[in-house]
Amino acid sequence: MLTKLRSQFSRLWLKTWSLVFTEMSAQEIIWLLRPGSHISLLSTRRVSMIVSRVRLIAILFAILTPLWSLLDIWAFPPEIWHGLVAMRLIATAGFAALVLSLRKADDISPLGAYRALGFLLLIPTAFFLFSYLHMSQFNLHGLQEAFGVGYAYLPFVMLAGLSVFPLTAVESMGFAAPMLLAQVAAAILKLPILDWPTFAASFWLLMLITAVSALAGLSQLAFMIVLVREAMRDGMTGCFSHTSGAELLDLQFIISSRSGNPLSLVFLDLDHFKRVNDEFGHDAGDRVLTNAAEAIRGSVRTGDILVRWGGEEFVLIMPNTDARQATVAIERVRKAGLGNRPDGTPVTASIGIAERMVDARESWRQLMEMADTRMYEAKKGGRDRIVGPLATAGQ
Ligand SMILES: Nc1nc2c(ncn2[C@@H]2O[C@H](COP(=O)(O)OP(=O)(O)OP(=O)(O)O)[C@@H](O)[C@H]2O)c(=O)[nH]1
């Protein structure tokens, strides 16, 4: 029942937003809804953006929160400002602790980013509740009342602040919910400043601000998704670019080491490619490259990752594939062909294969070096052949 409802909601979400974000694919629009299926490159960029913004806001608040005490001292009698200043100092310590905990932002996980953002919002939410509770014990008039009402605006500021984070719709709702509940709690505590008509009006406004913030967060995320997609792919061949390929390989190496599953890496360098450029021109060379990439992709599993590593060099990352399986797959690629040169002769490649376990490599760079060395062996051995950890397969 719940699954059916969820899939119906996803379909409705897809239909609605594909009218707005026309440049995004169906999968990318689902990424705007919830983070579950985000690709790792998007996750890492999002985590670092969330964390750096949390850090910036926490630094600002760690400075402004104690400074505001001067106004409290000026506006309120000691019995009120004593409590307020004490709470401000606790909040400042919280913000400072948050900044310190985010010093090493490089190795923060998505969960760590959630925790940081949650903590950033928790401090003012708690401050709002306690300050309101504290001030409700006093009868405020004139300027003091104006200052007191000012405290009631804190949830508005916090909810508006959510808009600076590239959050999915589900995340925005999740982070806004405790602040909305804090507002409800403040009303239930029957605070003197907040009567029911005022509460209803302000709650309505809070909901509107939440919706606008969520929309702003979604737009940021949409922009980020498009940027990541463009940076990820090599525009000409459609393969993963060198940078994203290196990140994906790093991730696959970690997954493979943890799970104990094999990971094969294939280095393919097209043979005598310079001659195509020299004899038929650069455009013909580009077509040969695009056709070769297409041919490789067409002959391997969908889970395999094809990267354009350099000019006429391709790297194929094969998760859960041992050296024997990789050799079989690459033989299949060679058999299917890599397309033709403009003169009709088949395109060939010198291929090096390395596998994490059988080659006992400790990092993806070592594995890459091994595959690269073997590719050169294949070149030296006469080209159009595979050199792998098991055997050398020639023409
Ligand atoms: N058309 C085209 N050519 C490129 C591109 N990137 C690199 N190249 C060319 O690829 C050629 C690679 O030449 P070499 O490294 O000498 O290799 P090769 O001619 O394939 O010879 P072997 O690798 O030894 O078989 C150079 O001429 C580059 O200019 C590209 O995007 N498009």
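**Exercise 1. Decide how exposed Asn-320 is from its C-beta neighbours.**

Asn-320 has 16 C-beta neighbours inside 10 Å, so it counts as partly exposed. The cut-offs behind that step are 20 or more for buried and 12 or fewer for exposed. Keep in mind, as you work through this set, that the model is predicted. Next, place the residue: Asn-320 sits in the loop between β3 (313–319) and α14 (323–336). Finally, look at its backbone: phi of Asn-320 is near 50°, which is a positive value in a residue other than glycine.

**Exercise 2. Find where Arg-383 lies, and say whether its phi is positive or negative.**

Begin with the location: Arg-383 belongs to the loop between α15 (364–380) and β5 (385–387). Its phi is positive, at about 70°, although Arg-383 is not a glycine. For the surroundings, count again: 17 other C-beta atoms lie within 10 Å of Arg-383, so this residue is partly exposed.

**Exercise 3. Work out whether Val-54 is buried or exposed, and which residues it touches.**

First, find the residue: Val-54 is part of helix α3 (residues 40–67). Second, count: there are 26 other C-beta atoms within 10 Å, and therefore Val-54 is buried. Third, list the partners. Leaving aside residues up to four places away in sequence, Val-54 touches Leu-102, Ala-116, Leu-117 and Leu-120. Take Ala-116 as an example: 62 residues separate it from Val-54 in sequence, yet the C-alpha to C-alpha distance is 6.9 Å.

**Exercise 4. Describe how α3 packs against helix α5 (residues 78–101).**

Start with the geometry: the two axes are 8 Å apart, and the packing angle is about 155°. Angles over 145 degrees count as roughly antiparallel, and therefore α3 and α5 are roughly antiparallel to each other. The crossing of these two helices is left-handed. Now name the residues. From α3 the contact uses Arg-55, Ala-58, Ile-59, Phe-61, Ala-62, Thr-65 and Pro-66, while α5 supplies Arg-88, Leu-89, Ala-91, Thr-92, Phe-95, Ala-96, Leu-98 and Val-99. Sorted by character, the contact of α3 with α5 has eleven nonpolar, two polar and two charged residues.

**Exercise 5. Repeat the analysis for helix α6 (residues 110–135) and helix α8 (residues 154–161).**

The axes of α6 and α8 come within 10 Å and cross at roughly 165°. That angle makes α6 roughly antiparallel to α8. Their crossing is left-handed. On the α6 side, Leu-121, Pro-124 and Phe-128 make the contact, and on the α8 side Leu-154, Pro-155 and Met-158 do. The contact of α6 with α8 comprises six nonpolar residues, with no polar and no charged ones.

**Exercise 6. Characterise the shell of residues around the ligand.**

Of the 15 residues around the ligand, those that come nearest are Asp-271, Phe-273, Lys-274, Gly-285 and Gly-311. Elements giving two or more residues to this shell are β1 (263–270), α12 (273–280) and α13 (282–299). Which element gives the most to the shell? The answer is α13, with four residues. By character, the shell divides into seven charged, five polar and three nonpolar residues.

**Exercise 7. Summarise the protein chain as a whole.**

Count the elements first: the chain has 15 helices and six strands. Then turn to burial, where 34% of the 395 residues are buried. Last, consider contacts between residues at least 6 apart in sequence: 69% of them join residues at least 24 apart.

Key. Residues numbered from 1 in each chain as written. Predicted model: local features only at pLDDT ≥ 70, side-chain atom pairs only at ≥ 80, totals over all residues. Near = placed C-beta within 6 Å. Nonpolar A, V, L, I, M, F, W, Y, C, P; charged D, E, K, R; others polar. Contact = placed C-beta atoms within 7 Å. Axes fitted to C-alpha atoms, helices over the stretch in contact; angles between N-to-C directions. Parallel < 35°, antiparallel > 145°, perpendicular 65-115°, else oblique. Left-handed = near helix turned anticlockwise from the far one by under 90°.
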